[in-house]
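Colleague: I have a new structure to look at, and I'd like some help reading it. Could we go through it together?

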Amino acid sequence: MTEPCVLCTALAQDRYRVFMDEPGSLFVALWDIYPVTPGHALVLSRRHAQHMSDLTVEEQRALTPAVVAAKAHIARVSLRDVYRQMLATNPPARAQAFITQAFDRLEAADHRPPDAFNDGLNDGSAAGQTVPHLHWHIMPRWSGDVADPRGGIRHMFAGRGNYHADPRP
């Protein structure tokens, strides 16, 4: 017997803070309860699908506009209020720690809207997908939030982020 999908269950029980749920939309957006950066959100397929290749052509066409709409929402909402509301729901202790850390980082950014975004998809377990339901990560970024952001997501491979540097050890 397979475990029920945690994201399908969460959506059915309205356990996550959904912020984008248009009637008839093929995707929904919600706040990540373990945010890597302030405003970290997920855009996920309403229909259970694990991989990009599992999406219908219609869903594939709808994904990019859903991501763009979610980013626009993140840029205009008060993330301070979002995190206060999330903490008021008494999330699990580990999630509370992530949310509190994101709130503190937001304070350091003076509550400005993000300057940029890192976003993407872990498409399969070898790519780091831990929840087998297609979900697109959106991680807002602020100028100066790290010493040298060049290379962005390339940094998931240690020593490979800066392609201007010599790749040999």
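Modeller: Sure, let's begin with charge. Lys and Arg count as positive here, Asp and Glu as negative, while His and the chain ends are left out. Keep in mind that this is a predicted model.

Colleague: How many positive and negative side chains does the chain have, and how far apart do the centres of the two sets lie?

Modeller: There are 17 positive and 18 negative ones, with the two centres 4 Å apart.

Colleague: What is the secondary structure of the chain?

Modeller: You'll find four helices and five strands. Going along the sequence, they come in the pattern α-β-β-β-α-α-α-β-β.

Colleague: What does the radius of gyration of the chain agree with?

Modeller: It agrees with a compact globule: 169 residues would give a value near 15 Å, and the chain has 17 Å. As for its extent, the C-alpha atoms fill a box of roughly 45 × 35 × 30 Å along the principal axes.

Colleague: How much of the chain counts as buried?

Modeller: That's 36% of the 169 residues. The accessible surface is about 10200 Å², and carbon and sulfur atoms hold 55% of that.

Colleague: Why is there no bond between the sulfurs of Cys-5 and Cys-8?

Modeller: A disulfide needs the two sulfur atoms within 2.5 Å. Cys-8 has the closest cysteine sulfur to that of Cys-5, but at 3.7 Å it is too far for a bond. By this rule the disulfide count is zero.

Colleague: Are these two cysteines buried or partly exposed?

Modeller: Cys-5 counts as buried because its relative accessibility is 12%, whereas Cys-8, at 27%, counts as partly exposed.

Terms used. Residues numbered from 1 in each chain as written. Predicted model: local features only at pLDDT ≥ 70, side-chain atom pairs only at ≥ 80, totals over all residues. Heavy atoms only, no water. Helix = DSSP H or I, 4+ residues; strand = E, 2+ residues; numbered from the N terminus. Rg over C-alpha atoms; globule rule 2.2 N^0.38 Å. Buried < 20%, exposed > 50% of the residue type's maximum accessible area, 1.4 Å probe, protein only. Areas by Shrake-Rupley, 256 points an atom, 1.4 Å probe, with all protein chains shown as cover. Charge placed at Lys NZ, Arg CZ, Asp CG, Glu CD.
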